[in-house]
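Trainee: Could we go through this structure together? I would like to start with the strands.
Mentor: Certainly; here it is.

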Amino acid sequence: MNELVIRTPDDWHLHFRDGDFLAETVPATARCFRRAIVMPNLTPPVTTADLAVAYRQRILAASPEGSHFEPLMTLYLTDKTTTADIRAARRAGVVAAKLYPAGATTNSSAAVSSLDSLEPVFEALAENAMLLLVHGEVTDGDIDIFDREKVFIDRHLEGIVDRHPGLKVVFEHITTKDAVDFVMDGPITLAATVTPQHLLLNRNDLFVGGIRPHNYCLPVLKRSTHQQALRQAVASGSPKFFLGTDSAPHAKHKKEASCGCAGCYSAWSAIELYAQVFEELGVLDKLEAFASEHGPNFYGLPLNQGTITLAKRPWQIPEVIKMSDGDTIVPFFAGQTVGWQLQG
Ligand SMILES: [Zn+2]
């Protein structure tokens with residue numbers, strides 16, 4: 001097979017950042033994806049309907065001429081989020097709320113420290129047909145970083161899913177076999193996104209001949225048995241797993257630092273990297289459903305009508321991307337060769 005035509009995909013988990021980043025990140029995603037679930041972890045975070053509407057406008061202003069790209073906005077939950085905030089967000093077109101345990105990832109210090117106080121908010125999300133998106137890691141310093149996802153499932157996520165049968169929950173960027181099993185065995189209201197880096201890499205890739213800051217993301221890469229479980233999950237064709245890149249740029253000097261930031265910037269090669277994984281697994285026929293159908297079906301949104309074409313043509317991901325302000329970003333898989341290339 002030398003050409004692959006699939007329904008236009010969407011990215012169900014993405015970080016555009018803000019300010020100067022938008023001129024870089026929005027076109028990178030719009031080149032391929034028709035819609036994207038936009039993460040709200042800005043500084044300050046997107047905690048209200050008004051902030052979400054203003055952020056949406058900034059994203060649309062950065063979209064390429066003639067693009068039909070549609071950002072799907074999310075609300076950042078804090079200890080102070082109210083049910084009125086949820087209703088207002090719904091009226092403003094916000095589709096989901098994002099739960100970050102405090103300190104879990106970039107710009108999450110304002111996030112939730114006590115999940116119990118959010119029970120009425122979870123109810124309000126279900127009543128307003130909005131989804132709950134979860135960064136599923138505990139952040140206690142005494143829990144090993146490789147165990148934080150599993151402990152989050154046991155301590156929190158199982159309870160949330162049990163107590164709110166009417167609430168659709170997306171377990172974001174899953175990284176472990178524990179998460180795969182939990183989602184597979186869970187109700188139909190529970191699904192998960194899977195990133196390219198967690199399908200392509202395992203924790204050895206953080207330390208190949210030295211520390212590899214550009215493979216560092218949160219949740220951190222896990223051992224290969226977990227990577228294999230994720231690959232089997234997407235190869236199964238289960239509608240509970242769909243595309244979410246978690247593409248998350250940082251300037252090069254912030255990754256290559258004594259305390260480097262977490263995040264892989266995959267937007268320029270995301271669909272190609274997923275295609276590579278599905279080809280390796282011998283399930284290229286399942287790429288379209290994973291990239292373009294399971295997500296909208298779970299969110300209750302229409303499928304895209306257009307198509308994209310991928311050609312079997314090896315190309316090299318650039319070593320570095322220059323931003324308009326002079327900073328640079330090292331993209332995910334920089335300098336490596338990918339077998340598929342988006343056409344047009
Ligand atoms: Zn993320």
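Trainee: Which residue in E6 does Lys 98 stand opposite?
Mentor: Lys 98 stands opposite Leu 133 in E6. Please keep in mind that this is a predicted model.

Trainee: How many bridges join E5 to E6, and do they run parallel or antiparallel?
Mentor: There are four bridges between E5 and E6, and the two strands run parallel. Between them the chain crosses through H4, in a β-α-β crossover that is right-handed.

Trainee: And what about E4 and E5, parallel or antiparallel?
Mentor: Strand E4, residues 70-76, is joined to E5 by three bridges, and these strands also run parallel. Tyr 76 has Lys 98 as its bridge partner in E5. From E4 the chain crosses through H3 to E5, and this β-α-β crossover is right-handed.

Trainee: Which residues of E5 are buried on its two faces?
Mentor: Ala 96 and Lys 98 are buried on one side, while Ala 97 and Leu 99 are buried on the other, so both faces are covered. In general, side chains in a regular strand alternate between the two faces of the sheet.

Trainee: Back to the helix, then. Which residues of H4 are buried?
Mentor: In H4, which spans residues 119-127, they are Val 121, Phe 122, Ala 124 and Leu 125. These residues lie on the same side of H4, because they cover an arc of only 160° around the axis.

Trainee: What do they pack against?
Mentor: The buried residues of H4 pack against helix H3 (83-91), strand E5 (96-99), strand E6 (131-134) and helix H5 (148-163).

Trainee: What follows H4?
Mentor: Ala 129 follows H4, and its phi is positive, near 55°.

Trainee: New topic: what is the order of the open sheet of three strands?
Mentor: The order is E1-E10-E13, with antiparallel pairing. Strand E1 (3-7) and strand E13 (337-342) are the edge strands, each pairing on one side only. On average, neighbouring strands of this sheet are turned by 35° against each other, direction ignored.

Trainee: Which helix packs on that sheet?
Mentor: Helix H10, residues 270-280, packs on the sheet and touches E1, E10 and E13. The direction of H10 makes about 115° with that of E13.

Trainee: Last one: which residues touch the most other members of the largest nonpolar core?
Mentor: They are Ala 97, Leu 132, Phe 171 and Tyr 274, in a core of 100 residues. H10 gives the most to this core, with seven residues.

Note on methods. Residues are numbered from 1 along each chain as its sequence is written. This is a predicted model: local features need pLDDT of at least 70, side-chain atom pairs count only at pLDDT 80 or more; totals for chains, interfaces and linings use all residues. A residue is buried if 20 or more other C-beta atoms lie within 10 Å of its own, exposed if 12 or fewer, and partly exposed in between; C-beta atoms are placed from the backbone. The arc is that of the directions from the helix axis to the C-beta atoms. Two residues are in contact if their C-beta atoms, placed from the backbone, lie within 7 Å. Two strands pair if DSSP finds at least two bridges between them. Axes are lines fitted to C-alpha atoms, for helices over the stretch in contact, and angles run from 0 to 180 degrees between N-to-C directions. A nonpolar core is a set of buried Ala, Val, Leu, Ile, Met, Phe, Trp, Tyr and Cys residues joined through C-beta atoms within 7 Å. A crossover is right-handed if, with the strands pointing away from the viewer, the path from the first strand over the helix to the second runs clockwise.
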